[in-house]
Amino acid sequence: MAHILLRHRDVENIHQFDVYQNNGGYDGLKKALSELSPDEVRDIVRTANIRGRGGAGFPAGIKWGFIPKQDGPKYVVVNADESEAGTFKDRELLEYNPHQVIEGALICAYAIGAQACYIYFRGEFMHAASSFGQAIKEGYANKAIGQKIFGSEFSCDFYTHFGAGAYICGEETALLESLEGKLGQPRIRPPFPAQEGLYAKPTVVNNVETLANVPPTIVNGADWYLSIGTEKSPGPKIVCLSGHVNRPGNYEAPMGTTYRELIYGEQYGAGIANDRKFKALLPSGGSAPVVTDEALDAQMSFEGLDEYGSLLGSASLIVMDDTVDMVWAAMKLTHFFKHESCGKCTPCREGTFWLENIYKRLLDGRGREQDVKLLESVAQQMQGETLCALGEFATSPVLSTIKHFPEEYYAKVSSAPSGNGTG
């Protein structure tokens with residue numbers, strides 16, 4: 001099956017403007033500009049139900065529809081701050097198929113009446129940004145970006161910006177703060193970016209992969225897109241497969257593919273490395289609760305893991321075999337969230353601090369039996385109380401590993417000395 005998103009695997013040098021255009025590139029933008037009104041473009045994207053690929057799964061067409069129809073500056077911001085643990089899909093698109101992302105952003109700009117697109121790169125993405133920057137230059141040189149795009153009355157510029165390596169800036173309002181030159185911390189909402197986003201103007205923030213889905217959908221129509229995947233989660237999805245699998249890497253698969261197929265299928269992960277036994281899966285890096293083998297036959301979709309208490313997120317699958325200490329794994333993820341907390345809100349700042357301290361105590365052999373309940377208590381008190389999703393994410397590895405592997409926690413305290421140890 002030909003790739004829809006990872007097209008560079010089928011077409012050599014598609015990162016070059018001429019090659020991309022000769023293989024149908026920019027046909028979606030040209031069709032939008034010559035045949036469709038902005039409202040019609042939004043309707044196609046909404047009908048196709050292109051859902052956000054950054055993790056939240058919010059329908060792009062609905063998000064675009066929130067932008068008020070008024071005169072004045074409007075912006076499209078491409079979220080390329082790919083920082084979730086185990087996620088590396090956007091980087092491949094940026095490096096090897098950049099024009100499809102640019103085209104998707106420009107179609108979005110046309111649909112909402114934006115005059116400029118900004119792409120916010122993760123600070124470490126220097127190489128990817130270099131490739132993308134070259135694609136932008138080619139776009140300007142060939143009238144795909146800038147004034148009177150492809151001879152139409154639509155004009156739109158494209159700008160690049162680097163973060164400084166902060167996970168929190170993947171959250172859209174923190175990204176906007178950073179893009180404005182401020183400290184990268186989440187904003188209180190409302191107002192939402194659609195009303196007051198970049199420079200307090202209406203703004204759409206979409207993930208790299210989300211926008212890459214737009215051009216082929218405009219060319220082929222909503223029904224074509226809906227024919228791929230599941231009813232509620234249509235289209236293709238790039239899966240980042242890592243951990244204890246024989247063939248880690250990025251794989252494009254239709255929504256609805258089972259997790260078992262992704263891990264064991266010969267065209268995907270090809271099984272557990274060293275013939276070890278599967279133990280657990282992080283289906284969305286550190287941000288989603290751990291699942292066990294009972295969830296392997298669930299569909300990879302935005303609704304597929306609901307009954308197992310987890311979620312698809314960005315589809316960064318981290319596979320763990322039976323050698324993994326789940327308490328250690330949860331501690332590693334907790335340390336990540338504590339380190340990346342911006343500190344703006346108390347539940348996240350203090351909660352992640354105390355969670356890490358308790359884990360350190362357990363793993364240092366100083367654990368107390370009540371520490372397991374204390375971990376649960378701290379995590380539960382964080383839920384629903386944080387300014388953004390980071391604090392909520394931080395509770396996932398804690399509560400899910402205690403739920404599925406309680407014996408591993410209590411094994412850490414069964415032989416620990418008694419006493420009133422402090423954090």
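1. In this predicted model, Glu-124 and Arg-122 are joined by a salt bridge, and their closest N and O atoms lie 2.8 Å apart. Glu-124 counts as partly exposed, since its relative accessibility is 47%, and Arg-122 is also placed in the partly exposed class, at 24%. The count of salt bridges comes to 27, and the next two points take up further examples.

2. A salt bridge also forms between the side chains of Arg-9 and Glu-92, with a distance of 3.0 Å from N to O. This pair connects distant parts of the chain, because Arg-9 belongs to the segment before helix H1 (17-22) while Glu-92 sits in helix H5 (residues 89-96), and the two are 83 residues apart. The partners differ in their surroundings: Arg-9 is partly exposed at 38% relative accessibility, whereas Glu-92 is buried at 14%.

3. Glu-172 and Arg-189 make a salt bridge through their side chains, at 3.5 Å from N to O. Here too distant parts of the chain are linked, with Glu-172 in helix H8 (residues 172-179) and Arg-189 in the loop between H8 and strand S4 (203-207), 17 residues apart. Glu-172 is buried, having a relative accessibility of 19%, while Arg-189 is partly exposed, with a relative accessible area of 32%. The pair belongs to a network in which salt bridges with shared partners join Lys-63, Glu-171, Glu-172 and Arg-189.

4. The loop between H8 and S4 deserves a second look for its backbone. The peptide bond that runs from Arg-189 to Pro-190 is cis, with omega near 5°, and the bond from Pro-190 to Pro-191 is likewise cis, again with omega near 5°. Pro-190 is found in the loop between H8 and S4, as is Pro-191. Tyr-199 lies in that loop as well, and its phi is near 55°, a positive value in a residue other than glycine. Tyr-199 is partly exposed, with a relative accessible area of 39%. As background to these remarks, most residues other than glycine have a negative phi, and most peptide bonds are trans.

5. Another positive phi, of about 65°, occurs at Lys-143, which is not a glycine. Lys-143 is located in the loop between helix H7 (126-141) and strand S3 (157-162). With a relative accessible area of 51%, Lys-143 is classed as exposed.

6. Which cysteines might a reader wish to check, given that a search of the whole structure finds 0 disulfides? Cys-117 is in no disulfide, and the nearest cysteine sulfur, belonging to Cys-156, is 3.8 Å away; a disulfide would require the two sulfur atoms to be within 2.5 Å. Cys-117 is buried, at 0% relative accessibility. For Cys-345, the closest cysteine sulfur is that of Cys-348, at 5.1 Å, which is too far for a bond. Cys-345 is also buried, with a relative accessible area of 16%.

7. Helix H3 (residues 38-48) packs with helix H6 (residues 98-112) at an angle of about 125°, and their axes are 7 Å apart. H3 and H6 are therefore oblique to each other, and H3 passes H6 in a left-handed crossing. On the H3 side the contact is made by Pro-38, Val-41 and Arg-42, and on the H6 side by Ile-107, Tyr-110, Ala-111 and Ile-112.

8. Helix H2 (residues 27-35) also approaches H6, the axes coming within 9 Å and crossing at roughly 15°. At that angle H2 and H6 are roughly parallel to each other, and their crossing is left-handed. The residues that meet are Asp-27, Gly-28, Leu-29, Ala-32 and Leu-33 in H2, and Glu-103, Leu-106, Ile-107 and Tyr-110 in H6. Ile-107 and Tyr-110 thus appear in the contact with H3 and in the contact with H2.

9. Is Gly-256, in the loop between strand S6 (249-254) and helix H12 (259-264), buried or exposed? Gly-256 counts as buried, because its relative accessibility is 18%. Gly-256 and Met-300 are 44 residues apart in sequence, and their C-alpha atoms are 5.0 Å apart in space. When residues up to four places away in sequence are not counted, Gly-256 touches Thr-230, Gln-299 and Met-300.

Definitions and conventions:
Residues numbered from 1 in each chain as written. Predicted model: local features only at pLDDT ≥ 70, side-chain atom pairs only at ≥ 80, totals over all residues. Heavy atoms only, no water. Salt bridge = Lys/Arg side-chain N within 4 Å of Asp/Glu carboxyl O. Helix = DSSP H or I, 4+ residues; strand = E, 2+ residues; numbered from the N terminus. Buried < 20%, exposed > 50% of the residue type's maximum accessible area, 1.4 Å probe, protein only. Axes fitted to C-alpha atoms, helices over the stretch in contact; angles between N-to-C directions. Parallel < 35°, antiparallel > 145°, perpendicular 65-115°, else oblique. Left-handed = near helix turned anticlockwise from the far one by under 90°. Contact = heavy atoms within 4.5 Å.
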